[in-house]
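Colleague: I should like to learn how pockets and bound ligands are read from a model. Could we work through a case together?

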Amino acid sequence: MLDTLQEAGFEAYVVGGGVRDLLTGLKPKDFDVATDARPEQIRRLFRSCRLVGRRFMIAHVRFGHETVEVTTFRGPISDTHERDATGRILSDNVYGTLEDDAFRRDFTVNALYYDARSGIIVDYVGGLEDLRNRTLRLIGEPESRYREDAVRMLRAVRIGNKLHFRLDPACIEPMQRLAPLLREIPPARLFDEILKLLLNPDAVENFRALHWLHLWQALFPEVDAALEREPERTRAFIERALAGAAERLHQGLPVSPAFLFAALLWVPVQARARDLAERQGHPLFVALQQATEELMTRQALRIAMPKRFSVPAREIWQLQPRFEQRRGGRPQRFLAHPRFRAAYDFLLLRHRSGESLQESVDWWTAAQQGVPSPMADSASPVVHGQRRRRRRRSRRGAHPGPEPQS
Ligand code: ATP
Ligand code: MG
């Protein structure tokens with residue numbers, strides 16, 4: 001990879017998270033390469049190469065099973081860069097030297113360039129010293145770096161927790177003030193960043209830091225309001241869900257973003273549904289439907305959850321009232337529902353977070369085993385519907401149970 005570029009007469013270095021993680025003793029997730037070759041030149045050198053990105057063009061080069069991101073050295077920021085009214089950089093295809101490139105990166109420890117030929121690490125920004133002092137520090141003046149790209153505030157939280165580094169106080173100081181800039185970031189990019197933060201072994205720490213640093217309210221305003229109204233309960237619910245997902249990741253199990261988002265937004269959705277039920281006298285499931293629409297619409301203004309996640313997240317909520325319906329043929333039909341298991345795991349999460357649902361949990365736990373529950377208010381929960389259930393089971397998606405079920 002590096003050889004191919006260097007033999008063609010280009011400079012090529014490993015840079016970014018890979019170098020940083022190796023030097024701190026962590027296992028790198030992947031390696032990024034920086035070069036003076038232009039995207040078109042990179043493409044000509046590698047057979048399986050794709051150019052991606054609008055704001056800044058990046059070459060994805062397939063290398064065995066892995067994809068290496070190869071970026072051309074970025075040039076210095078100048079007035080020619082297209083920006084929006086808040087200072088955010090919109091297009092960024094000006095090239096430069098290694099030194100220019102170093103100053104365009106976010107944190108000093110992310111701007112270390114490893115030259116595999118000489119074994120030398122090139123450091124223009126004091127990254128090695130910060131690494132020794134275990135400090136995450138922005139390159140340059142924090143406020144303007146956040147104005148160029150507010151996502152750097154989220155990266156500070158994620159990378160700081162990952163490395164167990166302290167955040168430089170100058171990086172923290174402008175956060176509360178500049179948090180509203182996150183509203184200018186395209187909601188699809190925010191979705192990706194949120195997943196990186198919360199589908200993460202450090203999810204609980206990341207959530208706490210986002211909240212403490214006042215970034216959370218720019219991302220999840222409705223959840224933030226719930227954290228103000230009912231701090232204990234909201235916090236307990238979210239942290240339990242995040243810890244459950246982190247535990248599954250730890251065990252190498254898949255975690256579904258739908259379940260995670262359903263959990264993040266549950267307390268405000270439920271509060272709104274109760275409110276609507278009380279004030280308008282709607283049955284709870286109608287109120288829940290209306291609350292779901294309201295919350296999802298408002299949340300989508302900030303974070304764009306793709307339909308393949310938002311649809312099942314809604315469904316997990318909509319199915320909750322069905323745990324109360326235990327008579328006649330309804331339980332059988334519910335057990336056969338493709339999303340039953342996710343809804344049931346959500347019920348467990350609610351129960352363990354302090355909603356008193358013991359009776360429901362016992363009944364449905366027994367129902368799934370096909371045995372009459374001692375609490376059953378219909379004789380035997382599972383009589384019919386077995387065939388349908390078996391047929392549908394294979395379509396159920398993976399989801400993070402609050403705790404693994406045998
Ligand atoms: P990880 O891969 O562990 O998530 P990383 O630091 O490698 O962390 P990437 O998103 O892979 O993160 O980015 C690779 C490198 O690109 C970073 O180390 C940094 O040098 C640079 N970079 C990424 N995002 C930004 C940004 N928003 N502003 C400036 N530089 C960035
Ligand atoms: Mg990386």
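Colleague: What volume does the largest pocket have?

Modeller: Rolling a probe the size of a water molecule over the atoms shows where empty space is left. In this predicted model, the largest pocket has a volume of about 1500 Å³. It is lined by 39 residues, of which Ile-58, Glu-69, Arg-155, Arg-189 and Lys-196 are the closest to its centre. Two or more lining residues come from each of α2, β4 (58-63), β5 (66-72), α7 and α10 (187-198).

Colleague: Which element gives the largest share of that lining, and how do its residues divide by class?

Modeller: The largest share, 6 residues, belongs to α7. By class, the lining has 23 charged, 9 nonpolar and 7 polar residues.

Colleague: Where does ligand 1 sit?

Modeller: Ligand 1 takes up the space of the largest pocket. Of the 16 residues around the ligand, Arg-20, Arg-105, Asp-149, Arg-152 and Arg-158 come nearest. In this shell, 13 residues are charged and 3 are polar, with no nonpolar residue. Helices α2 (17-24) and α7 (151-163) each supply at least two shell residues, and α7 gives the largest share, 4 residues.

Colleague: Which atoms of ligand 1 lie by the side chains of Asp-149, Arg-158 and Lys-29?

Modeller: For Asp-149, a polar side-chain atom lies 2.8 Å from a nitrogen atom of the ligand. Side-chain N or O atoms also lie 2.8 Å from a ligand oxygen in the case of Arg-158, and 3.0 Å from a ligand oxygen in the case of Lys-29. Taken alone, ligand 1 exposes 580 Å², and the protein buries 86% of that area.

Note on methods:
Residues numbered from 1 in each chain as written. Chains lettered and ligands numbered in written order. Predicted model: local features only at pLDDT ≥ 70, side-chain atom pairs only at ≥ 80, totals over all residues. Heavy atoms only, no water. Near = heavy atom within 4 Å. Polar contact = N/O pair within 3.5 Å; in protein donor to acceptor, adjacent residues only side chain to side chain. Areas by Shrake-Rupley, 256 points an atom, 1.4 Å probe, with all protein chains shown as cover. 1 Å grid on protein atoms, 1.4 Å probe; cavity = no way out; pocket = protein on both sides within 12 Å on 5 of 7 lines; lining within 4 Å. Sits in = over half its atoms within 2 Å of the grid points. Nonpolar A, V, L, I, M, F, W, Y, C, P; charged D, E, K, R; others polar. Points joined across faces, edges and corners; volume = space filled by probe spheres on them.
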